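This report covers pockets, a cavity, surface features and backbone geometry in turn. Please keep the structure open while reading.

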Amino acid sequence: ISDWAPEEIRGLCFGMRQSLAAFGSVVGALTAAFLYIKMRDFQKVFWCACIPAMCAVIIVALYIKNKESKPSIRKYKKISIREVKNLSRGYWILLIIASTYNIAKVSDSLLLLYITSHWKLDLYFAPLLLALTHLSNSFTSFYAGLFSDQIKHTRQIFIFGICIFILSDLLFIYGKNSLPITITALLCVGS
């Protein structure tokens, strides 16, 4: 995206891509909840999920042709294994923070299952809660991208995102006996 998007709207393009991907996840989660309510069998729901995936593969294989065009590509220097040790301290700090964040994001599914079991909700609430999380992500991604184009220091957005992530953890820890606080924490996770 960064090679194709004009620099003045690059953040908006990233935000729109993430927003559309998250909205697709909303539609998928709502469809899964609907199918589970109708069939009451997860195995059948997963088989139904194969249908759009196979259609997408067939459409790409038969109808999508890769056009030769020239984006405004910057030449990137390849890094050898020996040069990795010369990467800056800031790079390694960012890598550690991003890795920690990604490890925490892996637990979203477990978190949804915990919420459904803690509140003794039927299993079809798990995809509904997942849809709520992705809806929050879809909404905030677009505006974060738009905002990032309008400020000079994108570090502020990064710090704000980390603060929201910490807030979600605190809400889960201290508000686990309140369903509205738990839902608010889920919205923060999606953001």
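## The salt bridge

This is a predicted model. It holds 1 salt bridge. The partners are the side chains of Arg 40 and Asp 122, at 2.8 Å from N to O. Arg 40 sits in the loop between H1 and H2, and Asp 122 in the loop between H4 and H5, so the pair ties together parts that lie 82 residues apart in sequence. Side chains of opposite charge can pair when their charged atoms come close.

Are the two partners buried or exposed? Arg 40 is partly exposed, with a relative accessible area of 45%. Asp 122 is partly exposed too, at 29%. The cut-offs explain the label: partly exposed covers the range between under 20% (buried) and over 50% (exposed), so both values fall in that class.

## Overall build

The protein chain has 7 helices and 0 strands. From the N terminus on, its elements run α-α-α-α-α-α-α. The C-alpha trace spans about 55 × 50 × 35 Å along its principal axes. The chain has 191 residues, and buried residues make up 21% of them.

## The largest pocket

How much space lies in the largest pocket? The volume is about 970 Å³. Its lining counts 29 residues. Those nearest the centre are Ala 144, Ile 157, Phe 158, Gly 161 and Ser 191.

Five helices give two or more residues each to this lining: H1 (10-39), H3 (89-106), H5 (125-150), H6 (155-174) and H7 (179-190). H5 gives the most, with 8 residues. By class, the lining of the largest pocket splits into 15 nonpolar, 12 polar and 2 charged residues.

## The second largest pocket

The second largest pocket has a volume of about 410 Å³. Of its 18 lining residues, Gly 28, Ala 32, Val 45, Phe 46 and Pro 127 are the closest to the centre. Elements that give two or more residues to this lining are H1, H2 (42-63), H4 (108-118) and H5. Which helix gives the largest share of the lining of the second largest pocket? H2 does, with 6 residues.

The lining of the second largest pocket has 15 nonpolar and 3 polar residues. No charged residue takes part in it. For the largest pocket, the matching counts are 15 nonpolar, 12 polar and 2 charged.

## The cavity

The structure holds 1 cavity of 30 Å³ or more. The volume of the largest cavity is about 30 Å³. Its lining is made by Asp 108, Leu 111, Leu 112, Leu 130, Thr 133, Leu 186 and Val 189.

H4, H5 and H7 each supply at least two of these lining residues. H4 gives the most, with 3 residues. By class, the lining of the largest cavity has 5 nonpolar, 1 polar and 1 charged residues.

## A nonpolar surface patch

Which residues make the nonpolar surface patch of about 640 Å²? They are Ile 58, Ile 59, Val 60, Leu 62, Tyr 63 and Ile 64. One of them, Ile 59, has its place in helix H2. Its relative accessible area is 45%, so Ile 59 counts as partly exposed. Patch residues need over 30% relative accessible area, a cut-off that Ile 59 passes at 45%.

## Backbone geometry in two loops

Two residues that are not glycines deserve a check of their backbone angles. Arg 40 has a positive phi of about 55° although it is not a glycine. Arg 40 lies in the loop between H1 and H2, and its side chain is a partner in the salt bridge with Asp 122.

Lys 120 also has a positive phi of about 55° and is not a glycine. Lys 120 is found in the loop between H4 and H5. Is Lys 120 buried or exposed? Lys 120 is exposed, with a relative accessible area of 72%.

## A position in H7

Ile 183 lies in helix H7. At 25% relative accessibility, Ile 183 counts as partly exposed. How far apart are Ile 183 and Ser 117 in sequence and in space? They are 66 residues apart in sequence and 14 Å apart in space, C-alpha to C-alpha.

Definitions and conventions
Residues numbered from 1 in each chain as written. Predicted model: local features only at pLDDT ≥ 70, side-chain atom pairs only at ≥ 80, totals over all residues. Heavy atoms only, no water. 1 Å grid on protein atoms, 1.4 Å probe; cavity = no way out; pocket = protein on both sides within 12 Å on 5 of 7 lines; lining within 4 Å. Points joined across faces, edges and corners; volume = space filled by probe spheres on them. Helix = DSSP H or I, 4+ residues; strand = E, 2+ residues; numbered from the N terminus. Nonpolar A, V, L, I, M, F, W, Y, C, P; charged D, E, K, R; others polar. Patch = residues over 30% accessible without salt bridge, like charges linked within 9 Å, V, L, I, M, F, W, Y side chains within 5 Å. Areas by Shrake-Rupley, 256 points an atom, 1.4 Å probe, with all protein chains shown as cover. Salt bridge = Lys/Arg side-chain N within 4 Å of Asp/Glu carboxyl O. Buried < 20%, exposed > 50% of the residue type's maximum accessible area, 1.4 Å probe, protein only.
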